[in-house]
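Here is a short guided tour to read with the coordinates open beside you. Take the sections in any order you like.

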Amino acid sequence: MKDDDCAPEKKGITADDLKTAPMDWRFPATNQAKHCYYSYNEFHKCAAEKGEHDKDCRKYARYYRSLCPGHWIEKWNEERANGTFPGRY
Amino acid sequence: MSLKNTWLFPIAYCDAAEPWQLGFQDAATPMMQGIIDLHHDIFFFLIIILIFVLWMLVRALWHFHYKRNPIPERVVHGTTIEIIWTIFPSIILMFIAIPSFALLYSMDEVVDPTITIKAIGHQRYWTYEYSDYNSSDEQSLTFDSYMIPEDDLELGQLRLLEVDNRVVVPAKTHLRMIITSADVLHSWAVPSLGVKCDAVPGRLNQTSIFIKREGVYYGQCSELCGTNHAFMPIVVEAVSLDDYVSWVSNKLD
Ligand SMILES: [Cu+2]
């Protein structure tokens, strides 16, 4: 994985970019809502501990962006900004 | 299915509903193939039972007609026949249940996917999100897929099935579909792919798809969601992996 993965100007993909959040045996159910929520929280926990651009955190960021619908992320980000998000981080 | 001789015997697959169609559309995923095979297996038992029951019925009506058999018999109980008609149907049910459960559980099996695509139902269109390539929360390959109204159809396009933005996916790749809704219940269903998954607000229903061949697959919203429920079709276009990569790259630019 390259270091400039976070750069917003990066456009286009190659076949190497075809990867997504893997199947997680902690979330075997059809409903993946918890998988999404867990990944979102895990990212913010990680970001609080190691900083947003840490390799592990970027992994969780990728996972939750892959799994969560855009309007869920938007809502949670808004709640985080307002301080009303129920999560710890 | 061997495609060795397609140049000699061209095949046109049935990947969209036809007028007055009774049978299945052609399978494009192993799941749909399994569903069709199970249907045919069960139909084998169904027809045998149907013929047997009809034979019994007609035979009884014939032999015990009041003119032919004026004095009715008064059989009250027969243990042997009771045992036979209890055990025998149970065995048939078992033969139906075993392949049925095997198929059901194989559908739940999730292979590690290469791509996640989110389908979000709205009143009355579908939104698709390809977020595997995001590097921030905002930037995302997201588009709405509206039905093409009848007046705007071009020659050869399918009425009530064509959309303005198709879901482009690579063939021969494990896909994870995440299906949800932003308002009421919908259902994301594509017959050729053997997929029918409810879109429920607050739930992220996951289903996996492996498309065996390139093609354009048509489906419709399959949960009654309101007045325009019939006008939110689904079109999946399966392309080669290279074409998919360049499609995504174009969309991201
Ligand atoms: Cu609908």
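The notes below treat a predicted model, moving from the metal site to the sheet around it and then to the other chain.

## The copper site

A good place to begin is the copper ion in chain B. Its ligands are B:His186 through ND1, B:Cys221 and B:Cys225 through SG, and B:Met232 through SD, at 2.0 to 2.6 Å. The angles among these four donor atoms span 98 to 123°, and the site is tetrahedral. For comparison, the ideal angle for four tetrahedral donors is 109.5 degrees. Along the sequence, the donor residues follow the spacing H-x34-C-x3-C-x6-M.

One pair of these donors, B:Cys221 and B:Met232, links distant parts of the chain: B:Cys221 belongs to strand β9 (residues 215-221) of chain B, while B:Met232 sits in the loop between β9 and β10 (234-239) of chain B, eleven residues apart. Are these two donors buried or exposed? B:Cys221 has a relative accessible area of 6% and is therefore buried, given that the cut-off is under 20%. B:Met232 is buried as well, with a relative accessible area of 1%.

## The sheet in chain B

If you now trace the strands, you will find an open sheet of five, ordered β4-β10-β9-β6-β7 (chain B), with mixed pairing. Its edges are formed by β4 and β7 (195-199) of chain B, each of which pairs on one side only. From one strand to the next, the twist averages 25°.

The individual pairings are easy to follow. Strand β4 (residues 167-170) of chain B runs parallel to β10(B), joined by four bridges, and B:Val167 is found opposite B:Val236 in this pairing. On β9(B), β10(B) has an antiparallel partner over five bridges; here B:Tyr218 has B:Val235 in β10(B) as its bridge partner. Strand β6 (residues 186-190) of chain B is antiparallel to β9(B), with two bridges between them, and B:Ala189 faces B:Gln220 in β9(B).

## Around strand β10

How many of the six residues of β10(B) are buried? Five are, so this strand is largely enclosed by the rest of the structure. Part of the surroundings is helical: helix α3 (residues 241-252) of chain B lies across β4 and β10 of chain B, running at about 135° to β4(B).

When you look at side chains along any of these strands, one general point helps. In a regular strand, side chains alternate between the two faces of the sheet.

## Chain A and its buried histidine

Chain A has another make-up: three helices and zero strands, in the order α-α-α from the N terminus on. Of its 89 residues, 44% are buried. Among contacts in chain A with a separation of 6 or more, 58% are between residues 24 or more positions apart.

A:His35 is a nice residue to zoom in on. It is located in helix α1 (residues 33-50) of chain A. Its relative accessibility is 2%, so A:His35 counts as buried. Which side chain makes a polar contact with the side chain of A:His35? That of A:Gln32 does, at 2.7 Å. Leaving aside residues up to four places away in sequence, A:His35 also touches A:Pro22, A:Asp24, A:Phe27 and A:Leu67.

Key
Residues are numbered from 1 along each chain as its sequence is written. Chains are lettered from A and ligands numbered from 1 in the order in which they are written. This is a predicted model: local features need pLDDT of at least 70, side-chain atom pairs count only at pLDDT 80 or more; totals for chains, interfaces and linings use all residues. Side-chain values use heavy atoms; hydrogens and water are left out. Buried means under 20% relative accessible area, exposed over 50%, partly exposed in between (1.4 Å probe, protein chains only). A polar contact is a pair of N or O atoms within 3.5 Å; within protein, one must be able to donate a hydrogen and the other to accept it, and residues adjacent in sequence count only if both atoms are side-chain atoms. Contact means heavy atoms within 4.5 Å. Donors are N, O and S atoms within 2.8 Å of the metal (3.2 Å for Na, K and Ca); water is not among the atoms, so sites may look incomplete. Four donors count as tetrahedral if all angles lie between 85 and 135 degrees; four count as square planar and six as octahedral if opposite donors are over 155 degrees apart and all others between 65 and 115; anything else is irregular. Two strands pair if DSSP finds at least two bridges between them. Axes are lines fitted to C-alpha atoms, for helices over the stretch in contact, and angles run from 0 to 180 degrees between N-to-C directions.
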